[in-house]
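Biologist: Could you take me through one part of this model closely, with attention to the backbone, and then place that part beside the other local features that deserve a careful look?

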Amino acid sequence: MRVRAQMSMLFHLDKCIGCHTCSVACKNLWTDRAGAEYMWWNNVETRPGTGYPTGWEDQDHYKGGWRRDDKGRLHLTLQNKPTGIARLFFNPALPQLDDYYEPFTFRYGDLFSAPAGEQQPTARPISMVTGDEMEIAGGPNWDDDLGGSQVYARNDPSLDGIDPDVRSQLEEIERVVFNYLPRICNHCLNPACVAACPSGAIYKRAEDGIVLVNENKCRAWRMCVAACPYKKVYYNWSTGKSEKCILCFPRMETGQAPACAHSCVGRIRYMGVLLYDQDLITAAAGAPETELLRAQLDAILDPWDERVVTAANAAGIDDGWIAAARRSPAWRFVKEWGLALPLHPEYRTVAMMFYIPPLSPVVATIERNLTKLDLPAERVDFELFDELDKARLPIRYLANLFSAGDEDVIRAVLRKMLAVRIYKRRQSVDGVVDDATVALLASAGTTPQEAEDIYRLTTLPTVEERFVMPPYHREMSIEAVNDPLRHKGAAGVGYVTPPRRGA
Ligand code: SF4
Ligand code: SF4
């Protein structure tokens, strides 16, 4: 067992109001520069929808992530060594500016300097690339709230496999239902961006798992842009270097949460440490599709296990980080409660940002049936949870997003969240927690004590409970650069072990 620490962010999707404050906070801090205008290291998408860049999940087109061959070996979907050399000069999988949008501003000065006339002056849109006047034809959240049209929902690649009748109902504008999906770089354990870079310019920091671009080494090949299946590396056309989310490491090194998390209006974001076993990354990335999620979760280690603590200390992880891992909301939601899932585990990059899937479109239907709690306990489970499969946002869709298509995983998560909701409602509105309610919790795999803990961390957490920041010791760090195993299907392995403190 080789223990590593990873800073992880959680997104509680039921709480996201789609306000984009996170995106603007990030933009103001990091990408308000020449060549970076079109970049949104943090973006918020309306789903079902096509997202940013448009259709980024269509890997037949963009060729991001990893594929597993018949012998269980991993290969970049984008290329092997010979095709990689050919693609240095022509790479058809690269997203074009139109796939993002042409960044624009307005000629505001005209509002003040236009000569007096009969018409009010207007501020014409101008391209931030060419400086010329332009017609605006797209934006990073062009399909916000579906833009009043079902077209965006219809083109969502994650709707694949949904029953055609359900799909056609979903596309009726009167019945359409959506939720928001905030996205940043997933700071993956097996990052395709790292593996694809011919210059060895991208690396994963050993002490906290943040994936960074060394711009001194970047040679503008843009393989990282194409290989990242989440399209979270961007090319700066002004500097000729790639850029990406840095998880606000300068903030984190001073004990502050990333700007997107800190500014989040819905308080949907949580930050914490996860300990993982570096030796299990290859297994986590290379497992058969039906076992991918379990294999990834198996690689995350229990910070309360003394064997893990001993191995963590031996690997140079100090007690402050282990204490933070024990209080980590990421640990609780991901492993202890099993409520948070990675986005598209089938991309095999072993993403380390996690999502609690949305229950909200289901709840209105379910709550109408609350009176069914008067049924015998053995019927309560069936009657209430059966409604999950009639939800307007199909379970299949959420499974395509968060569990490599495994609907049972999504059902289990939603059942537990629903059980907690019903339990708290019975307790606070009806003033009773009867045997039927406890039976309901048990059938969803939880207890009254755990339900209280989930409720507390979901609805009433303090800032210190949402953001459990570990004490950084940058003087001890050694970067994981030039990983010798990068092209052998496991980009995240091969770190140099930092020295123990005081050694
Ligand atoms: S492959 Fe993972 S780590 Fe690399 S840019 Fe994409 S999301 Fe981030
Ligand atoms: S700031 Fe928070 S609530 Fe608003 S869009 Fe971003 S993640 Fe959602």
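**The loop after strand 2 and other local features**

Modeller: Pro53 is located in the loop that runs between strand 2 and helix 2, and in this predicted model the peptide bond joining Tyr52 to Pro53 is cis, with an omega of about -10°. The loop between strand 2, which covers residues 43-47, and helix 2, which covers residues 59-62, also holds Pro48, and here again a cis peptide bond is found, joining Arg47 and Pro48 with omega at about 0°. Both Pro48 and Pro53 therefore belong to the stretch that links strand 2 to helix 2, as the boundaries of these elements define it.

Turning from omega to phi, two further loops call for attention. Lys231, although not a glycine, has a positive phi of about 55°, and its place is in the loop between helix 9 (223-227) and strand 10 (233-236). Lys231 has a relative accessible area of 0%, and because buried means under 20%, this lysine counts as buried. Ala404, likewise a residue other than glycine, has a positive phi near 50°, and it lies in the loop between helix 19, residues 395-402, and helix 20, residues 407-430.

The sheet gives another view of the backbone. Five strands make up an open sheet of mixed pairing, and their order is 13-12-1-15-14. Its edges are strand 13 (300-301) and strand 14 (341-342), each of which pairs on one side only. At the edge formed by strand 13, the neighbour is strand 12, residues 269-277, and these two strands run antiparallel and are joined by two bridges. One residue pair can be named within this contact, since Tyr276 has Ile300 of strand 13 as its bridge partner. In general, the strands of a sheet pair through backbone hydrogen bonds, and the pairing may be parallel or antiparallel.

On the surface, finally, Leu97, Val129 and Trp237 form a nonpolar patch whose accessible area comes to about 220 Å² together. Leu97 sits in helix 4, which spans residues 97-100. With a relative accessibility of 31%, Leu97 counts as partly exposed, because that class lies between the limit of 20% for buried residues and that of 50% for exposed ones. The same value also explains why Leu97 can belong to a patch, since patches are made of residues with over 30% relative accessible area.

Notes
Residues are numbered from 1 along each chain as its sequence is written. Chains are lettered from A and ligands numbered from 1 in the order in which they are written. This is a predicted model: local features need pLDDT of at least 70, side-chain atom pairs count only at pLDDT 80 or more; totals for chains, interfaces and linings use all residues. Side-chain values use heavy atoms; hydrogens and water are left out. Patches are made of residues with over 30% relative accessible area and no salt bridge: like charges are joined within 9 Å, nonpolar side chains (Val, Leu, Ile, Met, Phe, Trp, Tyr) within 5 Å. Accessible areas come from the Shrake-Rupley method with a 1.4 Å probe; for residues, only the protein chains shown count as cover. A salt bridge is a side-chain nitrogen of Lys or Arg within 4 Å of a carboxyl oxygen of Asp or Glu. Helices (H or I, at least four residues) and strands (E, at least two) are DSSP runs, numbered from the N terminus. Buried means under 20% relative accessible area, exposed over 50%, partly exposed in between (1.4 Å probe, protein chains only). Two strands pair if DSSP finds at least two bridges between them.
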